[in-house]
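Here is a short report on one protein model. It covers a pocket, a buried strand and an open sheet.

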Amino acid sequence: MKKISPESLIKKLIPVFYQAGAQSIKCSKKLKIHIKEDGTPVSNGDLEVDAIIQSFIKNITPNIEIVSEETIQETKNKTRDTFWLIDPIDGTSSYIKGGSEYTINVGLIIKKKAVAGIVYAPKKKRLFYSYGKNKSYEIYNKKKKIKLDCTRKLNREKIALTNSSNPSLTIKKILNKHKINKFVSMRSSLKFCMIANNTFDLYAAKARAREWDYAAGHAVAEGAGAIIRNHQNKPITYGKKGFKNPSLLVRRNSKI
């Protein structure tokens with residue numbers, strides 16, 4: 001396998017994400033939904049976005065394995081350390097209801113680490129991407145490009161993100177430990193990006209979801225300077241059995 005250039009691959013994918021985002025909006029106007037074996041919903045939007053992204057990635061990196069939420073049943077149970085992780089639509093429930101928080105996600109895993117990724121919120125016209133340390137960016141409305149840096153100190157009240165408007169006792173204890181009294185509930189991987197761009201300061205979650213839910217956002221936030229660990233302060237790695245996530249703690253920087 002020739003040397004992988006995360007920067008080149010991510011930049012090639014950006015136009016494809018705009019195409020996939022437009023398709024997700026088109027499909028949302030005429031949704032077809034069925035329930036998967038695990039009891040979660042999947043729509044024609046999920047499947048069509050997945051097909052667009054997988055087709056392109058197979059063409060540009062035929063020797064790198066693709067692991068996607070929507071084709072996971074075809075994925076072999078084996079040890080892997082370099083591969084793509086795709087979540088075609090994260091926040092499917094929001095998507096089905098016509099919400100705007102859903103995201104399209106691709107993460108590139110090399111040696112079990114999320115080294116690069118793209119997170120796109122089509123209805124918000126916000127695309128976030130990263131291909132390494134100090135190399136995270138946002139593009140708004142396909143025009144305005146902003147370099148993301150969440151390492152600086154901000155003169156404002158600290159605010160956390162949560163999955164629920166009523167967080168568990170475990171999560172409340174973490175918020176208290178970091179002296180955070182205010183929190184906002186948000187769905188999808190957009191949470192990682194809202195920390196990367198300094199809007200919020202911390203996100204804590206118990207073990208939940210799968211690796212494709214985290215990888216792209218992980219790359220974006222970490223590339224901007226965020227600290228990402230589990231609750232035992234150990235790094236988050238990828239390619240685990242069943243692709244199950246551990247607990248998660250995302251801090252905007254080491255001072256949080």
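The lining of the largest pocket mixes classes: 14 residues are charged, 13 are polar and eleven are nonpolar. The model behind these values is predicted. The pocket holds about 970 Å³ of space. In total, 38 residues line the pocket, and those closest to its centre are Lys36, Asp38, Thr40, Glu69 and Trp212. Six elements give two or more residues each to this lining: β2 (41–43), α2 (44–60), β4, α3 (92–96), α5 (190–196) and α6.

Two of these elements, β4 and α6, lead on to the rest of the fold.

Take β4 and its partner. Strand β4 spans residues 83–90 and is joined to β5 by six bridges. Asp90 has Thr103 of β5 as its bridge partner. Is β5 itself buried or exposed? Strand β5 (residues 103–110) is mostly covered, with eight of its eight residues buried. The cover is on both faces. One side carries Thr103, Asn105, Gly107 and Ile109, and the other carries Ile104, Val106, Leu108 and Ile110.

Strand β5 also pairs with β6 (residues 113–121), through seven bridges. Leu108 stands opposite Ala116 of β6. The hairpin of β5 and β6 has two residues between the strands, and Lys111 there takes a positive phi near 55 degrees.

The bridge counts for three strand pairs are set out below.

| Strand pair | Bridges | Direction |
|---|---|---|
| β4 (residues 83–90) and β5 | six | antiparallel |
| β5 and β6 (residues 113–121) | seven | antiparallel |
| β12 (residues 202–205) and β14 (residues 248–251) | four | antiparallel |

The last pair belongs to an open sheet of five strands, ordered β11-β10-β12-β14-β13, with mixed pairing. Its edge strands are β11 (182–185) and β13 (227–229), each paired on one side only. On average, neighbouring strands of the sheet are turned by 20 degrees against each other, direction ignored. Between β12 and β14, Ala204 has Leu249 as its bridge partner.

Which helices lie across these strands? Helix α4 (residues 169–177) lies across β10 (159–162), β11, β12 and β14. Its direction is at about 150 degrees to β12. Helix α6 (residues 211–223) lies across β12, β13 and β14. Helix α6 runs at about 145 degrees to β13. Helix α6 thus links two topics: it lies across strands of the sheet, and it gives two or more residues to the lining of the largest pocket.

Definitions and conventions: Residues numbered from 1 in each chain as written. Predicted model: local features only at pLDDT ≥ 70, side-chain atom pairs only at ≥ 80, totals over all residues. Heavy atoms only, no water. Pairing = 2+ DSSP bridges. Axes fitted to C-alpha atoms, helices over the stretch in contact; angles between N-to-C directions. Contact = heavy atoms within 4.5 Å. Buried < 20%, exposed > 50% of the residue type's maximum accessible area, 1.4 Å probe, protein only. 1 Å grid on protein atoms, 1.4 Å probe; cavity = no way out; pocket = protein on both sides within 12 Å on 5 of 7 lines; lining within 4 Å. Points joined across faces, edges and corners; volume = space filled by probe spheres on them. Nonpolar A, V, L, I, M, F, W, Y, C, P; charged D, E, K, R; others polar.
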